[in-house]
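Thanks for sharing this one. Below are a few notes to read alongside the coordinates.

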Amino acid sequence: MTKEFLVDQIRKKQSFLCIGLDVDLNKIPEHLLKLEDPIFEFNKAIIDATHQFCVAYKPNTAFYEAYGLKGWQALEKTIDYLNKNYPEIFTIADAKRGDIGNTSRMYAKAFFEDLGFDSVTVAPYMGKDSVEPFLEFKDKHTILLALTSNEGAFDFQTKTVDHTELYKKVLITSKSWGNSQNLMYVVGATKAEYLTDIRKLIPDNFLLVPGIGAQGGSLEEVCKYGMTQNVGLLINSSRGIIYASSAEDYAEKAAEQASKLQQSMTVILRNQPKCK
Ligand SMILES: O=C(O)c1cc(=O)[nH]c(=O)n1[C@@H]1O[C@H](COP(=O)(O)O)[C@@H](O)[C@H]1O
């Protein structure tokens, strides 16, 4: 999917919501556990009930890898279901990969070619040759970790190296890599106060922003400092939406939460002069 198509979808749906499909068998409604593929059935119901309120879905691969072959098959069925039924939706494999070039090439092939995701999250710390194999894919997007939502972000990412914070070095350096128009970055919603500085360095790239809801980040703060003329934001919520209820009405309750966020986003877009 091209960036232009994603921006069109955001404008059409008046939403820049990404729903995280982080499926934990200990949290899903009990009646689903009797089915042959509870993870896929859960995702299918959530997707059918929420797709009109969001522009992206982000399964975090850890939640599938944890269940072995069955988990990986459920991931494959989920992305196939999305690509077949909702091709206008942007898909993110949250896998946080990155290795020597020869190995990264295989990760890129796995997520872009074999599974057919539009994007994948990548850790930048092995450098240019570990990221470029992902960037070689046309109309696919590489989402580099810049400043993450967790406390541990302060262990390395905000430390100063050669007079610059490390997360800023990641932004400045990666901008010069090949096909960097297909680069997006992760910035945690809990780090909204850093967004003004971040936007000075990367005024146009999309940001994937997790950490609203369960982690305490604020949608309004993120939009105030992070929004661009092309919106430039995909705001993720996982647990806050998919576990809104653990009863049989889980999909309906998830839709209610997604709809609430979508409505807040519509108001923000309407009041944001930059985005009109
Ligand atoms: O790359 C991510 O998506 C990510 C980066 C980050 O800095 N913080 C973060 O929470 N995430 C992911 O975003 C999702 C957040 O989930 P909730 O806190 O349940 O909304 C999880 O899948 C996390 O692994």
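Which elements do the buried residues of H4 pack against? Point 2 takes that up, after a look at the barrel.

1. This is a predicted model, and its centrepiece for this note is a barrel closed by 8 strands in the order S1-S2-S3-S4-S5-S8-S9-S10, with parallel pairing. From one strand to the next, the twist averages 30 degrees. As a sample of the pairing, S3 (residues 90–97) and S4 (residues 119–122) run parallel and are joined by 3 bridges, and Ala 93 stands opposite Val 120 in S4.

2. Now to H4 (residues 68–85). Its buried residues pack against helix H2 (38–50), strand S2 (56–58), helix H3 (62–65) and S3. The buried residues in H4 are Ala 74, Leu 75, Thr 78, Ile 79 and Leu 82. They lie on the same side of H4 because they cover an arc of only 130 degrees around the axis. On the other side of H4, you will find Leu 69, Lys 84 and Asn 85 exposed.

3. Two further helices are worth a look against the strands. Helix H8 (residues 166–174) lies across S5 (141–147) and S8 (183–187), at about 150 degrees to S5. Helix H12 (residues 250–271) lies across S1 (17–20) and S10 (233–237), at about 155 degrees to S1.

4. The largest nonpolar core has 82 residues, and those touching the most other members are Leu 17, Cys 18, Leu 144, Ala 146, Tyr 185, Leu 233 and Ile 235. H12 supplies the largest share of this core, 8 residues. Beyond its neighbours within four places in sequence, Tyr 185 has contacts including Leu 144, Ala 146, Leu 171 and Ile 202.

How values were computed. Residues numbered from 1 in each chain as written. Predicted model: local features only at pLDDT ≥ 70, side-chain atom pairs only at ≥ 80, totals over all residues. Pairing = 2+ DSSP bridges. Helix = DSSP H or I, 4+ residues; strand = E, 2+ residues; numbered from the N terminus. Axes fitted to C-alpha atoms, helices over the stretch in contact; angles between N-to-C directions. Contact = placed C-beta atoms within 7 Å. Core = buried A, V, L, I, M, F, W, Y, C linked by C-beta atoms within 7 Å. Buried ≥ 20, exposed ≤ 12 C-beta atoms within 10 Å, placed from the backbone. Arc of directions from axis to C-beta.
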